[in-house]
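User: I am new to this structure and would like a close look at one part of it. Please start from a single residue and work outwards to its surroundings.

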Amino acid sequence: MPRKGENIYKRKDGRWEGRYIKSRNDKKAVYGYVYAKTYSEVKKKLNSKRAEIFLEESNSLKISLKDASFLNISNLWLISIKSSVKESTWIKYRNTLNIQILPRIGMKNISVIDYETIFRMCNEMLQPKGCTNEGLTSKTVSDALTIVKAIIKYADRMKFITDRTALDVSVKLTTSKLRVVIVSLARAGIPIGILLKRYLQNKYDICINHYAISIIRGRGIDKNAVNYILERHNPKMIQFVDGWIGKGAILTQLREALKDYPELDSEIAVVSDPANLTRLCGTHEDILIPSACLNATVTGLISRTFLREDIIGEHEFHGAAYYSELSEEDLSEQFLNYIERYFNYTVSTKTTHMDQSFNGMDVVKKIAFEYLVDDINYIKPGIGEATRVLLRRIPWKIIVNPDYSDTEELNHVYQLAEEKGMGFNRGNDELMNVGSLPLWMSLGCQQADFCIAPCPEAKAVKPAIRFLVLFQPDESNRFIGEAPSLDQPERLRELRESGP
């Protein structure tokens, strides 16, 4: 059976017809035809005719060693392969030569084309240029390199002097870069998002856009920021990121807020999920994440986000406080760099197991009922949340699982409690365990943890603040600078009028 591109057809009268190019007039092909009773016979006749034409053209292109330019050798090579490749393939080879290869090395003698020559040619083809500031794809350059090597091998067979080191050049094929968008929940998710960005870029060589976005309990997500991101990115490539999940309050808030954005996936990725509420976590163990207690000193000196109508306009982003007075204590970049030193790029991906028999919110509600706490927001489960409360406030009770009260992971908690003159309550086993596993214990190694219920009247003490409107790390993974303070009304008014 004829193959596509052979120019062999079966006529209505039962004979087979083969078509070949006899010559060209003003770049237009002049065809000749051969006929036979069978496909195999017409193919032999067609190859014979093409061979005759090749000999005629070869005799007219006798090349001396002195005139053995890459251009002349490539013309001979094109003639030699015309009968053995599909016409469409031959035209592709000719066009690649004329557009990509000959303008660069066509006038060079074949004998001086070596490794360095071909390497520079490939590198030049890959370099960004033009109005799009993009080079040729690695696949295009690799295809051109294949043609160059075929011509050099042909010249070698034809007894021309060649430098075979040119055959050692190779082009690494790369796929189009995947564009991923990480959206960190401010502020705990910010260092996690930056570290994820660095890891993914280093391991998979993919493009990462990273934003930080405000979500406030009881107020919802920053919709101006969501709209800003959706105007610039494919929603299917957006992944929300946070540091950890305690009882799941922010996750519940996120899912509620994203009901207005059905195109977005509300599944959140975190480092630690002892509440057992997401599949996308590093671990379901309850671990102390440094950014949980170091706060602003590792998140660019910014506070938790806020939304005040007297400062932030209807079309502006949520705000955050910037603690410029702590600039000498800023460890944000050191924190990220230190963790990056321990990245393991050879580790295999594994799925974390979720125990469907319990979740963090169920445990919190059970504790609230036992201790007569009306508002579950006053209950802070997990080692990270408990540490944060002890650093900022005076809690009402500290409840420790009696089976794990001596674990060294709680030493810093005991120290903080001692500094504030507090004691501990030992929870009973029935209360502290759900589904045979306590919420604040490691699902793997049974790590101890505790729960804190702060007094309702406890107040957090905040330093003096300046306000930020745009909340997003810039290209260097650092943070946006200071915005006008409250004692600069003119600059605040200009900022508000200019929009996000």
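What is the relative accessible area of N227?

Analyst: The model is a predicted one, and every value below is computed from it. N227 has a relative accessible area of 31%. Buried is the word for values under 20%, and exposed for values over 50%, so N227 counts as partly exposed.

N227 lies in helix α7, which covers residues 223-230. Another residue that can be placed relative to N227 is Y261: the two are 34 residues apart in sequence, and their C-alpha atoms are 9.5 Å apart in space.

The next step outwards is from the residue to its helix. Helix α7 lies across the strands β4, β5 and β8. Its direction runs at about 165° to that of β5.

These three strands belong to an open sheet of 5 strands, in the order β5-β4-β8-β9-β10, with parallel pairing. β5 and β10 (residues 281-283) stand at the edges, and each has a single partner strand, so one side of each is left without a neighbour in the sheet. Leaving direction aside, neighbouring strands of this sheet are turned by 25° against each other on average. Helix α6 also packs on the sheet, where it touches β4, β5, β8 (residues 238-241) and β9 (residues 268-272). The direction of α6 makes about 160° with that of β4.

Strand β5 deserves a longer look. What share of β5, residues 207-213, is buried? The count is 7 of its 7 residues, so the strand is largely enclosed by the rest of the structure. Being at an edge of the sheet goes together here with cover on both faces. On one side C207, N209, Y211 and I213 are buried, and on the other I208, H210 and A212 are buried. N227 in the helix above is partly exposed, whereas N209 in the strand is buried.

The partner of β5 is β4, residues 179-185; the two run parallel and are joined by 7 bridges. One bridge pair can be named: V180 has I208 of β5 as its partner. Between the two strands the chain passes through helix α6, residues 189-204, and this β-α-β crossover is right-handed.

Away from the sheet, a group of helices earlier in the chain can be followed from one to the next. Helix α3 (residues 87-105) and helix α4 (residues 115-126) have axes that come within 11 Å and cross at roughly 130°. That angle makes α3 oblique to α4. The crossing is right-handed. On the α3 side the residues that meet α4 are Q100, I101, R104 and I105, and on the α4 side they are T117, I118, M121, E124 and M125.

Helix α4 also packs against helix α5 (residues 138-157), at an angle of about 155° and with the axes 10 Å apart. The two are therefore roughly antiparallel to each other. α4 passes α5 in a right-handed crossing. Their contact is made by I118, M121, C122, M125 and L126 of α4 with S138, V141, A144, L145 and V148 of α5. I118, M121 and M125 thus appear in this contact and also in the one with α3.

Helix α5 has a further partner in helix α2, residues 70-81, with the axes 9 Å apart and an angle of about 90° between them. α2 and α5 are therefore roughly perpendicular to each other. From α2 the contact uses F70, I73, S74, L76, W77 and S80, and from α5 it uses I147, V148, A150, I151, Y154 and A155. V148 of α5 is in contact with α2 and also takes part in the contact with α4.

A second partly exposed residue can be set beside N227. Y33 sits in strand β3, residues 28-36, and counts as partly exposed at 41% relative accessibility. Leaving out residues up to four places away in sequence, Y33 touches E17, G18, R19 and Y20. K49 is 16 residues from Y33 in sequence and 9.3 Å from it in space, C-alpha to C-alpha.

For the protein as a whole, the secondary structure comes to 15 helices and 17 strands. Of its 500 residues, 45% are buried. Among contacts with a separation of 6 or more, 68% join residues 24 or more positions apart.

How values were computed:
Residues are numbered from 1 along each chain as its sequence is written. This is a predicted model: local features need pLDDT of at least 70, side-chain atom pairs count only at pLDDT 80 or more; totals for chains, interfaces and linings use all residues. Side-chain values use heavy atoms; hydrogens and water are left out. Buried means under 20% relative accessible area, exposed over 50%, partly exposed in between (1.4 Å probe, protein chains only). Helices (H or I, at least four residues) and strands (E, at least two) are DSSP runs, numbered from the N terminus. Two strands pair if DSSP finds at least two bridges between them. A crossover is right-handed if, with the strands pointing away from the viewer, the path from the first strand over the helix to the second runs clockwise. Axes are lines fitted to C-alpha atoms, for helices over the stretch in contact, and angles run from 0 to 180 degrees between N-to-C directions. Angles under 35 degrees count as roughly parallel, over 145 as roughly antiparallel, 65 to 115 as roughly perpendicular and the rest as oblique. A crossing is left-handed if the near helix is turned anticlockwise from the far one by less than a right angle, and right-handed if clockwise. Contact means heavy atoms within 4.5 Å.
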